[in-house]
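Let's take a walk through this model together, stopping at a handful of places worth a closer view. Have the structure open beside you as you read.

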Amino acid sequence: MPPILKVENIRCRYENQSAVDSTSFELEQGTLACLLGPSGCGKTTVLRAIAGFQKLIRGSITLNNTCISSPEGNIPPEQRNLSMVFQDGALFPHLTVEKNIAAGLHGNDKKKNQTIVGEMLSHVRLSGFNKRYPHELSGGQQQRVALARALAPKPRLLLMDEPFSSLDLALRESLGQEVRDLLKNIGATCILVTHDQQDAFTFSDQAGVMRDGKIEQWDTPYNLYHKPATRFVADFVGDGVFLDAAILDQNKIWSELAVLTGDLPDDARRGQRVQLLVRPDDIIHDDESKMTARIKKKTFRGESYLYTLVLPSGSEILSLVPSHHNHAIGEDLGIKLEIDHLVYFHDD
Amino acid sequence: MTDTNSSLGSSAAAWRIGTTGIALIAMLPVLAIVWLALFPSENIWPHLVSTVLPRYLSNTVILMVGVGISVFLIGVSTAYLVSTYVFPGQQYFAWLLILPLAVPAYVIAYLYTDLLEFAGPVQTMIRGLFGWELARDYWFPNVRSMGGAIILMGLVLYPYVYLMARASFLEQSPHLLDVSRLMGRSQFNTFLFVSLPIARPGIAIGIALALMETLNDFGTVDYFAIHTLTAGIFDVWLNMNNLGGAAQIAIVMLTFVLLLIGLEYIGRKRIGFYQSVGRFTRIEKIQLTGLAKWAAFMVCFVPVLAGFFIPVGMLINYGITYFEQSWTEQFREYALNSLSVSIIAAICCIVIAVFVSYAKRIEGNAWLGSASKLASMGYAVPGAVLAVGVIIPLAVFDNAVDGFFRAQFGVSTGLILSGTTFALILTYVIRFLAISIGSIESSFSKISTSIDMAARTLGHPPFRTLRRYHLPLIKSGIFTAALIVFVDCMKELPATLLLRPFNFETLATHVYLFAADEMIEQSALGALFIVLCGLIPVIVLSKTISSSQVLVRQPN
């Protein structure tokens, strides 16, 4: 199947600064993708470029085999047949819910529009809210209406700009899951922009981590966490520390925790000094273990404790431990390694 | 809020060209003045410098310094009292104090002359009381003097300072004042060394606006025979029939304008640093007792009484007494003239302001930003100066067309633009465009740009987005802007006097002409009409003030 969206080597300027450079990716029909990165990394600029609000200096964007943006010309946003959901909902405050949802329906068949509005409202579980005004809805309800409005014209592509970040924590996770199920159900193709990895994990099939206007890695959320391609991705996605390590041979690596075995990439050379990524879930608590580390700090997370441990050398590691294992600071904690993915980076 | 690079689409050029055109037209008068001042057909500059100009200049400076001091004293003292103390009527004074803004300076000048002249009721009463008969029996100040002009203009222009100062005092962090008191400063010392310096940027803006009005005034200085620069433009243009000379005086006035714009600009720039951004609990007001409370009452009561109730009372009185002589066919014609040119100008201002603001919003580049600023420059240019600047290019155009038709067809087309209401409305639009652009831009800025993007991605082109999703949201901003422009056009005197077509009078010129003939009683109805129109935006303004008053009272 050919990709529905092709972003090829685009470059944009925002307020006279290069905001996006050499960015490329492709989306297949029905993919839920995510652009993840810290604020100012250019992720929203990419979204605006796809929507048609941002000129390209270089590269091109192709939707359904039609070039919609290039330095030579642009199809205006209103002719692209894609929809957008915003952080603030951007509902038209002077229109009722049903009129908001009907805003993108251009056919003159009133009855048909009415039916679509009804369908959309039931999709987002707001049936009966037709005559309400935006200010009468809660934040979560507003975002559902915004989503219904965006989906009503059956767009070829749905763009979402931090749609959950104005909601409280409990709501954003449940709504994220709900939106994912709905979009999967109707087979929509979507790009979500967020700075929050949790949004990316719950929502997307594929995600791109952006930094300084470039995509560092485009992959599944699982691989972003477990097989980060760059040190920035490793840092940005998930917790973890880097330990001094050295490559022993093609499948062995020495670190001060232990000599670890696993598949190493082909360019691994014996004797190379590297930095090994150790995630908190790589360090398992085991009272029986002979290996111990002293507890320096602990953070209560409800279902677990995140312990900061000091190794004899003075380096620190993190360990995620179920919270009924409540140990005091200064105590020695028995630990065991469960490092499935050997991820290392060369010294900078 | 900037939407850089967001143009896209074929209509982009139209917005850009339109806005540039509007900015050029708005700048045209000033450019024309500079051009004609440098290359007049008959250069009288040396003559002006050696004869009348020094007097025009010194009178203007004295008047502006005087009005500046009087608006500062009245505006700051009243603002400080109502925002700091509790005394009889204090909550009413908060909005009563802005009422004089509705009275044009020339109206109050005519009325007080009538009231205080030798044959007027006040002097007659004094003579009766003391048994005097002749003017040399006693001393009484002459209203028609520089001092009179300064006091009367101060009485109607102080609300600019009052409004800005009051806002500054209310927005100051109470913690600052507490700190000052704890460090041993008395209440009054705290005002002098803490509150007042912090309010300085706001006060500077208020004074700049009041002085722009002073520079603009013609009715008062003409009636009082004070030869200021504005009066000079009239004299050189109408009596000496030398437009080039008028343009040269206009250039001198424009330097004053630049100074005032500079003062206002500095104020606006600093206001952000000086005033607290956060929402503090409002300052708790101090209850005044005994003599102090009545002194405070008088300080606030006198400006309202003298600047509003006395003149309006006189107007109502004359309006009723002389109703039969005032309510004539002519009067209705003048009123209709006033209404129609003001409404047309207000509509033009709104349409242009919506166009310029929306162009800036969807294009958002630096050039459109400066173009909309250039288009707003007219507000600081005095009406008489603007009239000179408008007539120069229009006369060139009319003469060219006339010459062409005479040569080709042997008919004279006359003054197509410069001798018609077109020139008048164009001048109004240029002068008051800033008000509408300011109001509409601030309404637009309250709409999130994601609304635009939502509408566009839902398939609505820019113009339909504006019509369906923006206009309903900025309705009240449009209404306010239209109202203020309308009222300012109704009041406008100097440009109207200079540019009105032959046999075309408005209420303002009608009042001026009658008052000049010492027949203020017969034109009181017209003046009353102007004041009542002027009251509408003042009431709108006072509503917002009294609602903020509720906030102030909450802590107790």
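## An exposed leucine

B:Leu192 counts as exposed because it has 12 C-beta neighbours inside 10 Å, and residues with 12 or fewer fall in that class. You will find B:Leu192 in helix 9 of chain B, which covers residues 187-216. If you look from there to B:Lys446, 254 residues apart along the chain, the two C-alpha atoms are separated by 36 Å.

## How confident is the prediction?

Please keep in mind that this is a predicted model. Its scores are ipTM 0.82 and pTM 0.83. For chain B the mean pLDDT is 87, with 94% of its residues at 70 or more.

Two stretches of chain B deserve some caution. In residues 1-10 of chain B the pLDDT is below 50, and this stretch has 29 contacts in the model beyond near neighbours in sequence. Residues 549-556 of chain B also stay under 50, and there the model has seven contacts beyond four places in sequence.

## The nonpolar cores

Which residues touch the most other members of the largest nonpolar core? Among its 166 residues, they are B:Val161, B:Val388, B:Leu433 and B:Val485. Helix 7 of chain B, residues 146-171, provides the largest share of this core with 17 residues.

To see one of these residues in its setting, centre your view on B:Val388. Setting aside neighbours within four places in sequence, B:Val388 is in contact with B:Ile33, B:Ile233, B:Trp237, B:Leu243, B:Ala246, B:Ala247 and B:Ala250. There is also a second, separate core of 101 residues, and A:Phe86, A:Val117, A:Val343 and B:Ala454 are included in it.

## Where the chains meet

Between the two chains, 20 residues of chain B are in contact with 25 residues of chain A. On the side of chain B that touches chain A, helix 19 (449-457) and helix 20 (462-491) of chain B each supply at least two residues. Helix 19 of chain B gives the most, with six residues. By type, the residues on this side of chain B are nine nonpolar, ten polar and one charged.

## A six-stranded sheet in chain A

Now turn to chain A, where six strands form an open sheet of mixed pairing, in the order 7-8-9-3-10-11. Strand 7 (82-85) and strand 11 (214-219) of chain A each have a single partner strand, so they stand at the edges with one side left without a neighbour in the sheet. On average, neighbouring strands are turned by 20° against each other, direction ignored.

At one of those edges, strand 7 of chain A runs parallel to strand 8 (residues 157-161) of chain A, and four bridges join them. A:Leu82 has A:Leu157 of strand 8 as its bridge partner. Helix 1 of chain A, residues 43-51, packs on the sheet and touches strand 3 (32-36), strand 7, strand 8, strand 9 (190-194) and strand 10 (206-211) of chain A. The direction of helix 1 makes about 145° with that of strand 8 of chain A.

## A hairpin with two faces

Strand 18 (residues 304-310) and strand 19 of chain A run antiparallel and are joined by seven bridges. One bridge partner pair is A:Leu309 and A:Ile317. The hairpin has five residues between the strands, and A:Gly314 takes a positive phi near 100°.

In a regular strand, side chains alternate between the two faces of the sheet. Strand 19 of chain A, residues 316-322, shows such alternation. A:Ile317, A:Ser319 and A:Val321 point to one face and are buried, while A:Glu316, A:Leu318, A:Leu320 and A:Pro322 point to the other and are not.

Notes. Residues numbered from 1 in each chain as written. Chains lettered and ligands numbered in written order. Predicted model: local features only at pLDDT ≥ 70, side-chain atom pairs only at ≥ 80, totals over all residues. Nonpolar A, V, L, I, M, F, W, Y, C, P; charged D, E, K, R; others polar. Core = buried A, V, L, I, M, F, W, Y, C linked by C-beta atoms within 7 Å. Buried ≥ 20, exposed ≤ 12 C-beta atoms within 10 Å, placed from the backbone. pLDDT = per-residue confidence, 0-100. Pairing = 2+ DSSP bridges. Axes fitted to C-alpha atoms, helices over the stretch in contact; angles between N-to-C directions.
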